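Let's walk through this structure together, one part at a time. Keep the sequence and the 3D view open while you read.

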Amino acid sequence: MDCLFCKIVAGEIPADKVYEDDEVLAFRDIAPQAPVHVLVIPKRHLAGPAAVEKEDAGLAGRLMAVAAEVARQEGVGEHFRLVVNNGAEAGQTVFHLHMHVLGGRRMEWPPG
Ligand code: AMP
């Protein structure tokens with residue numbers, strides 16, 4: 001499948017990994033928008049949050065648990081933002097489900 005993040009999972013494209021288990025991978029964003037910017041992805045291809053079925057609830061919950069663990073590991077465990085975009089108009093550019101973990105600076109609201 002021609003999916004960038006599947007290629008990272010397969011080791012065909014390098015990534016700066018910060019966490020890995022049998023189902024989940026986390027690596028640093030190539031264009032960081034904050035001092036800490038990590039992407040947490042399922043190894044199994046799902047196009048985005050809209051593709052998550054109730055049967056995937058365990059995996060989806062695991063993504064958030066890993067995101068919180070990564071935030072702690074990166075020293076921003078008390079103040080961080082999780083972002084999951086769905087669809088181009090919402091800002092999704094890579095169509096493999098991923099959770100952005102952003103931290104290390106003050107976040108504004110509403111987001112752009
Ligand atoms: P989104 O816009 O929500 O789909 O997020 C996709 C993210 O993937 C962006 O923040 C990109 O900077 C990031 N990205 C694209 N290519 C790579 C790569 N090869 N390694 C790490 N992050 C990437």
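**Around the ligand**

Of the 16 residues around the ligand, D29, N85, G91, T93 and H100 come nearest. Please keep in mind as you look that this is a predicted model.

Which element gives the largest share of the shell around the ligand? That is helix 1, with 3 residues. You will find helix 1 at residues 4–10, and strand 2 joins it in supplying at least two residues of the shell.

Now turn to the polar atoms facing the ligand. A backbone N or O atom of T93 lies 2.7 Å from an oxygen atom of the ligand. For V94, a backbone N or O atom is 3.0 Å from a ligand oxygen atom. H98 takes part through its side chain: one of its polar side-chain atoms lies 2.9 Å from an oxygen atom of the ligand. Taken alone, the ligand exposes 500 Å², and the protein buries 84% of that area.

Let's stay with H98 for a moment. You can locate H98 in the loop between strand 4 and strand 5. Is H98 buried or exposed? H98 has a relative accessible area of 6%, so it counts as buried, the limit for that label being under 20%. Besides its atom facing the ligand, the H98 side chain reaches the backbone oxygen of H96 at 2.6 Å. If you set aside neighbours within four places in sequence, H98 is in contact with F5, L39, V40, I41, V83, V84 and Q92. Three of these residues, L39, V40 and I41, will come back when we look at strand 3.

**The sheet**

Next, step back to the strands. There are 5 of them, forming an open sheet in the order 1-2-3-5-4 with antiparallel pairing. Why do strand 1 and strand 4 each have one side without a neighbour in the sheet? Strand 1 (17–20) and strand 4 (80–83) stand at the edges and each has a single partner strand, so one side of each is left open in this way. From one strand to the next, the twist averages 20°.

At one edge, strand 4 pairs with strand 5 (residues 99–103) in the antiparallel sense over 4 bridges. To see this pairing in your viewer, find L82, which stands opposite V101 in strand 5. Helix 2 (residues 57–73) packs on the sheet and touches strand 1, strand 2 (24–28), strand 3 (36–42), strand 4 and strand 5. The direction of helix 2 makes about 155° with that of strand 3.

Strand 3 has a partner on either side. Strand 2 and strand 3 run antiparallel and are joined by 5 bridges, and V24 stands opposite P42 in strand 3. Strand 3 also pairs with strand 5, again in the antiparallel sense and over 5 bridges. There, H37 has L102 in strand 5 as its bridge partner.

How many of the residues of strand 3 are buried? The count is 7 of 7. In a regular strand the side chains alternate between the two faces of the sheet. In strand 3, one side carries V36, V38, V40 and P42 and the other carries H37, L39 and I41; all of these are buried, and both faces of the strand are covered.

**Two more places to visit**

Let's look inside helix 2, where A71 is found. With a relative accessible area of 0%, A71 is buried. Leaving out neighbours within four places in sequence, the contacts of A71 are V76, G77, F80 and V101. A71 and L102 are 31 residues apart in sequence, and their C-alpha atoms are 8.2 Å apart in space.

For a contrast, go to Q33, in the loop between strand 2 and strand 3. Q33 has a relative accessible area of 51%, so it is exposed, a label that begins over 50%. Not counting residues up to four places away in sequence, Q33 touches L102 and R105. Its C-alpha atom is separated by 9.1 Å from that of G103, 70 residues away along the chain.

Finish in the segment after strand 5, where you will find P110. A cis peptide bond joins W109 and P110, with omega at about 5°.

Terms used. Residues are numbered from 1 along each chain as its sequence is written. This is a predicted model: local features need pLDDT of at least 70, side-chain atom pairs count only at pLDDT 80 or more; totals for chains, interfaces and linings use all residues. Side-chain values use heavy atoms; hydrogens and water are left out. Two strands pair if DSSP finds at least two bridges between them. Axes are lines fitted to C-alpha atoms, for helices over the stretch in contact, and angles run from 0 to 180 degrees between N-to-C directions. Contact means heavy atoms within 4.5 Å. Buried means under 20% relative accessible area, exposed over 50%, partly exposed in between (1.4 Å probe, protein chains only). A polar contact is a pair of N or O atoms within 3.5 Å; within protein, one must be able to donate a hydrogen and the other to accept it, and residues adjacent in sequence count only if both atoms are side-chain atoms. A residue is near a molecule or strand if one of its heavy atoms lies within 4 Å of it. Accessible areas come from the Shrake-Rupley method with a 1.4 Å probe; for residues, only the protein chains shown count as cover.
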